[in-house]
Every structure is written in C-alpha cells, then in structure tokens.
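Welcome, and please load the model in your viewer with the chains coloured separately. We will visit a few places one after another, starting with contacts between chains and ending inside one of them.

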Amino acid sequence: MTGADVVFGLLGIVCLAAALLVVTARNVIHAALWLVVCFGALAGCYLVLTAEFVAWVQVLIYIGAVVVLMLFGAMLTRAPVGRAQPLDSANRPVAALAGVATAGILVTLVIAAFKGAYVDIHHTAVGDGHVLGTAIFRYFVLAFEVASVLLLAALVGAIVLTRQERD
Amino acid sequence: MHLSIALVLSALLFAAGIYGVLARRNAVAVLMAVELMLNAANLDLVAFDAWFKDQLHAGQTFALFVVVIAAAEVGVGLAIVLSLFRLRDSVALDDATDLADRDPVRRPVEPAR
Amino acid sequence: MTHWAWLLPALPAFAAVVGLFAWRVIPGGPAVPAIGGTAAAVVVAIAVLADAESNPLHATSSTTSWTPTGGVALHVGTRVDGLAAVIALMVAVVALAVQVYSTAYMAGDPRYASYAAEISLFTAAMMLVVVASDLFELLIGWEVMGLCSYLLVGHYWQTEGARGAAVKALITTRIGDTAFIFGIFALGVGAGSFDIARVTAAAPTLPHATVVAGALLLLGGVVGKSAQFPLHVWLPDAMAGPTPVSALIHAATMVAAGIYVVARVYPVYLAAPVALTVLGVIACITMLGAALAALAEDDLKRVLAWSTVSQLAYMAAGLAVRGWSAGIWHLLTHAAFKALLFLAAGSVLRALGTNNMSEMGGLWRRMPVTFATALVGAGALAGVPPFAGAFSKDAVLDAAREHGGGLGHAVYAVGLVTVFVTGAYVTRLIVRTFLGDYRGDASVRLHESPWVMTAPLVVLGVFAILLGAPVLPSSYGVARWLGRPAGTLALHVGAIDVVIAMLISFAAIALVGWLWSRRPAADPIDVLGRFATPLRRAFFVDELYDVAVVRPVGVLARAALGVDRRGIDATAVGSGRAAVLLGVGLRRLQTGNVQTYLSALVAGMLIVVVSVSVAVAT
C-alpha cells in the first residue's frame, strides 16, 4: 500500500461519491456542479497516473467547456431551478438493477483478471506535453486530422440543428 | 500502485453512468450520465497506458481523442435537445414517445365469403 | 352417302356457334343460321336415309381409334344403319319445324339469339347420339343434350318457376346419368371396346353378371332421360320452358333418346332378359300412372307432358316384350303427333297468355287451323284410325300378346286400360280447350297464329297421318327400313287388336264427351270428386321425394356449410386473428421511450458478457 495507492483511493472515493450525486441529484444544476467535482477528482487521478497532459486537458475541456455547455443547455431548456419536478423517470428500478448488475459483473471481471497487476509509476515516462505531442504528431497524425474534421462537422451540425427559420 | 484500484473505480463510474442514462428524465441529465461513462473509459485507457509503459503512449493519446469526441458529442447532443425543447417545450424523455407503435383503430376482421 | 353422316351433328353445331357469336353481323338475325343449319341437316338426313334404305341391316361406319387414357380404346366415328337414318331424319324434321315456328313464337324475346343457338346445339347433340358409333361418343351427345335442356328450360330464368324446373330436370336426369355412365363402363370394359358394334356382337359371350349389370345400369339413364317412374318428376315441371322447346326436347327427341339407346344396343338386352322384365314393369307403372295424372291436370302443357311420359312408357313396353320394331314405330309416330300437339298448344298459349284450360274454351271458331291440326294430333294420340298413333300402339299391344308370359300379359292388360284413360284425357283436353264457350279473360283478343307457326303444324299433321297409314308395302315400309335385330318380334298389327283398341278408345271419348255435354263449363274430372286429388297431385310422388330426399340433402348441405364456416373458415380466420393478436402483443414493446430501449440493450449486453466470460473460464 504505497502513498500513490492512498491518494488515488481517496480521489477515487471523492470521484465516485460525486458521480453518484450527479445521477441522483434532484436539481439539474446541482447535478452539473457535482459533475465538476467528479471531473476534478478524475483529473487528480490522471495526475497520479503520470498523465499530466491528459489531466490538464480534462480540466480545460471537460470542466471548462463541456460542463459549461451543459449548464447552458440546462438553462436554455428551462430546467427547473429548485425542487420542482421529479427528475427521475419511472424506469428507476430497472435502471438500478442494470447499474448494480453492471457494477457487479465488471468489478468481478476486473479483479479476477488484474488482481496482482502493479503500475510502476516511478519508472514510466511522464506524459507531459512534449511526449504526447511527439506521440500524436509522429504516430497518430491521421487520427488527429480526422478528429479535427469531426469537430468541424459537429460544429456545423450543431449550428444547422439549432437554426431557426426567419419568417 | 495497484492497477485494480483504477479499474474498479472505472467500473463503478461506468455503472453509475448506466444508472443515470436509464433513470433520468431530463435529457441534459442523461447527457451528463453519458459523460460519466466516457470518463470511465478514459480512466481505463490511461491506467492501462501507465501499466504497459507504452512508448507510443497510445492510451493517453486515445484518451485525448475521446475527450475531443465527447466534446463534439455534447455540442451536437445539446443542439438536439434544444431542438426538442423548441418543438414541445419540454425535455422530459418520458414524453418523447412519437416513435411508439400505437394500436391501430380496431376494425373487425371479416372472413372472406 | 352414309360416310357423310358426320355432317348430321356437325352442321347444327356449326350453326349454333355461328348463331351465338356472329348473329349481330348476319343479315336476318340469329334465325338464319339456325334454320339454315337445320334445313341442311334435313337434306343430309334424307340423303343418308336413301343410302341406308338400300341395305338396311348393313351398318356403315368410319371410325378413328383414340386411346386418351391408355386403357380401353375409344373410337370416334359414325354408324348409320336403318334405325339411325330414320331417327336422324325425324329429329331433323322436327327440329326444323320448331326452329321455323320459334321465329314467330319467340319474336320479341330479348334472348332469342342464345335460344336459337341452344336449339341448334341440342339438335347437334341429338344427332351425335343417333349416329354415334362409340358409347362414349354417344355419352358426349347425351350429356350435351342434358345441358341444353337445362339451358332451354331455364330460358325464362327471371321467373322462379323456370329456375327451379331447370335445376330439377338437370338433377333428376343426372341421377340416371350416373348409372348410365357406369353401365357404359361395365359393357365397354367387359367387351374390351366401347364401339357399339363390338359391344353388341360380344354381348352373348360376356359373363352374365356383366351384361345384366350393364343393361340395368343403362336403364338408369333411360329411366332418367325418358322420364319413367321413378325419375319422371322433372318432365311436367320442365313445361316452364318455352313451348317450342317442349315440343322438340320433351316430346320428340331428348326423351326418346333413352328408348333409342335401348334399341341401339338391343342385343345386350336380349342377353339379359331380366333387364327387359324390369323395363317392362317400370313401363307398366308409368304408363297408367302418368295417364291418370294427365286426366286431372288443368295446365294444358302439363297434360301433354304427362301424356308424353305415358306414351314413352308404351315405347319402353314395346321394347320390353321384344317388339323392337313396334316400339320404334311408336317413337316415330309419337314424335310427329306430340310435337304437333305441343306446337298447337303453343299457338293457343301465345294467343291467350294463360296455360290453364279452365280459362279456355270455344277457340275452334277463332283459331281454325290450330284446332284442325290439334284434332289430328289428338286423334293420333287417342288411337283413332287412320291416324298414326293408332296402328303403332296396336303394334305394341300385338307384340305384348305375342310375347306372352307374365310380362306380356301384364303389358297387354295395362296397355288396354291406358288406351281408355288416354282417350279420356285427350277428349277432355280438346273439349276444354277448343269447344264450348270461352271462359277466359274477355279483354284477350283471340286470333289465329301467323302462317310461320301454322305451317309447321300442318306439316307435322301430315306426318301424323302418313306415318300410320298401312298402305306401305310388305312389312310396313317403316319396319323395312328399320331392319330389326335377330331375336325380336316382327312388326304385326292384327285386325282384332285394332278393333279392340278402337272400341275402348271410342268408349272413353264417348264417356268424357257425355260428361262434358251435361255440364259444359265444368271440368269432367270433377265427377270423381275427392278421388281426383291423388290424380291432381300425381300420386304425391313429388311430395315423397321432397320429404325423403330433398329435405335430408338440405340438412346435410347446411351441416356441411356449418362445418365449413365454423370449422375450416374459423381455423383460417382464427390463425389470422392469432397473428394479429401476436402483433398487438409485440407492439407493446415499442414504447417509443428511449430509456426502455436502452435498458433492453444493456440487459442483453450484460447477458452476453456473462455468457462469454463463463464460456471462456470453463
């Protein structure tokens, strides 16, 4: 039980608790905020795993853009601020069953497969910007280009979808 | 550190995401749950990248790409939710059942004479 | 000339086809092919007769063999001996008279074209029966005649009476025809060929059971087509058809076809005497019963129908006592005078518009030609010399007496009684229709029929006189042409027979005449009071059939329909409904709710994951 384990474990608990609150909060805005906490904890987890660049990207993009976008979306769709409507559908029991089953199966699988696996964080190359940049632009540049086209398509698509006809 | 901690965390996050997708009524809340699932996958990718000591850092690279895709998806997804909201003034998924197969108007079946 | 005999069925058939499909483009309308075809058939028949007369017993035939089913061979061809030639000429002449008569009688009928074509087709079918050399060929003509009878009786299909009568005729004769077909099978398979010449030649050598079975089964068809007891019930009702049809089909030709067939394959019957006995018994019952029924009918045409049944029984009786020539001679004379009587009745009906004798009377003044010719026909029917029917009937009685035995004496006795009853109903018919005062609707304008209708009457009247005259040379001319088969009695009419029959007939005429003169307006049959009822109802045979056959069949039919509707249809419809219900059930899965779909997806995914891991682990 190294220090990394402990730190990771604590961060994991925070992350998990936040995630559970995201999916059970009655207020959509609260859920979004709990999502911020979850993402933040995850960024910490990445840092423990020596993936620096990914951690910063997580904070920048996920927390900075995605959650903000969701907040915009929630407000634009007149999400009731406060405890007005029940936020859970009638599918709750089935969903709970599915969630618990998924958790059980996956955890069992994972522990059975990787029980003794050990990440040596002291002798891995830290995934900083230099390393990752080299990796992307040397080995995955095609995927990078495709991803940029994808973003363009998403941008255009979002605009087209939300355009309103002028009379 | 033990790999299994990361993997277990990832599994539990994924399960929470599934619960959220299936149980929430508000479309935006469902999108949040989807983000949880994506993040669980990302954590897996990064954890395995560290465990393998990958020279190419394929795991982290793909984690980045997942972030890109997730961002694009949230953009388009919210655009759709917005259109849905404009159409029917509500984003409750319970009410968006236009694709349901409703019973047709009952006509008595006559045998051929 | 006899190898042109195939023209006899071909010409009227061609006329039927032309008349049916091209009558609109023919100047003159459908009557032209009808009369033309039949007239051509008359010419051919005369030529054939002239050729056959020179060698009566020698039958000439041209056949082509044909084995469609690979079993016993069929031969298609013609076989013309004296019998066939004479009958063919009779059929052609009567058909021509009827076609000419119909142009006036059916004038204004919207379906005249199909009527004329059907009569031509019928003539073709009868000719086929007459000149056929093969039993199957004969069967084809037989069946087509049945079809034409159905179509023609049902000519006025807008009336329920005609519809019912047509169906009744068809079904009743069908019952007989079924036995007929099996008779043909028995004889054909037994003799190894369906050719008539070969069957008759082989008849004495066939196993007795085969010959008896064949003969009796053939009798079934004869009884049906020739309206003998117990299949006689269709003929009086068939009077719902137009009168010329009754004259042609139900007096002269189709009903005589049964008698003709027996005569044609007579060696078979000679080899199976029990069949002749059966025929004789049937003939006796029918002879008297039908004559009594004729005595009580009010409808003019029905009287003539019952009379036909009775006279056909005479022919059958003649054949039964081996009086082959006598039976055929009576067939010929009956054709002449019965057709004449029917056409005269048609003349009356057309003028008055009613069939009932209670609404007639006193027509002799306004319709003299009709009256005169009807009188000739009536005299022939009653057996008054010198009209034809007298001598032919006496020939039958003479043959019966000569045959002797139980059958012969029975036929003789019943025949004499029937002579009396025949005279009675004939007299009743004449006095009620033509004499006395008119009892009908005063607004009807009584007039003689046009010459197109009276000319055939006169022609047939001449035949009715000539065919009986014993002025012909030895063995009575007609008999010389016919050429009787070996084993039958020679045609002979003794003076004693003539006198006895004449006296009986005159007694009947006098009795009815006296009854009528006492009360001219009343029906002479009423003197029988209550006893007239069984006669009027034809001894309740129709009612018996209704209870014993028609109703049970109706019950069975409704039961079959019920099984079909409730059992079979229900299964088919039920499987359809089950499919619909299944669809309704499955439809509940499509809720339209995305989360429901996703839940199903996740569940399936989990199951797959678990299965795979378990499979991999073991």
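**Stop 1: chains A and B**

Keep in mind throughout that this is a predicted model. Begin by selecting chains A and B: 76 residues of chain A and 63 residues of chain B take part in their contact. Now keep to the chain B side and highlight α1 (3-23), α2 (27-52) and α3 (58-88), each of which provides at least two of the residues that touch chain A. Which of these elements gives the largest share? Colour α3(B), and you have it, with 21 residues. If you switch to colouring by residue character, this side of chain B shows 48 nonpolar residues, 10 polar ones and five charged ones.

**Stop 2: chains B and C**

Next, bring chain C into view beside chain B. Here 13 residues of chain B meet 16 residues of chain C. On the chain C side, select α23 (541-587) and α24 (594-617), the elements that contribute two or more residues each to the surface touching chain B. The largest share belongs to α23(C), with seven residues. Keep the colouring by character on: the chain C side of this contact has six nonpolar, seven polar and three charged residues.

**Stop 3: helix α8 of chain C**

Hide the other chains and select residues 208-225 of chain C, which form helix α8. From the first C-alpha to the last, this 18-residue helix reaches 26 Å, close to the 26 Å expected at 1.5 Å a residue. Is α8(C) mostly covered or mostly uncovered? Mostly covered, with 13 of the 18 residues buried. Step past the end of the helix to C:Ala227, which follows α8(C) and has a positive phi, near 55°.

**Stop 4: a helix pair in chain C**

For the last stop, show α13 (residues 273-296) and α18 (residues 405-433) of chain C together. Their axes come within 9 Å and cross at roughly 20°. Because angles under 35 degrees count as roughly parallel, α13(C) is roughly parallel to α18(C). The crossing of the two helices is left-handed.

Turn on side chains to see who makes the contact. From α13(C), the residues include C:Thr277, C:Gly280, C:Cys284, C:Met287 and C:Leu288. From α18(C), look for C:Val414, C:Gly415, C:Thr418, C:Val421, C:Tyr425 and C:Arg428, among others. As you follow either helix, remember that residues three or four places apart point the same way, because an α-helix has 3.6 residues a turn. By character, the contact between α13(C) and α18(C) comprises 15 nonpolar residues, five polar and one charged.

Terms used:
Residues numbered from 1 in each chain as written. Chains lettered and ligands numbered in written order. Predicted model: local features only at pLDDT ≥ 70, side-chain atom pairs only at ≥ 80, totals over all residues. Contact = placed C-beta atoms within 7 Å. Helix = DSSP H or I, 4+ residues; strand = E, 2+ residues; numbered from the N terminus. Nonpolar A, V, L, I, M, F, W, Y, C, P; charged D, E, K, R; others polar. Expected span 1.5 Å × (residues − 1). Buried ≥ 20, exposed ≤ 12 C-beta atoms within 10 Å, placed from the backbone. Axes fitted to C-alpha atoms, helices over the stretch in contact; angles between N-to-C directions. Parallel < 35°, antiparallel > 145°, perpendicular 65-115°, else oblique. Left-handed = near helix turned anticlockwise from the far one by under 90°.
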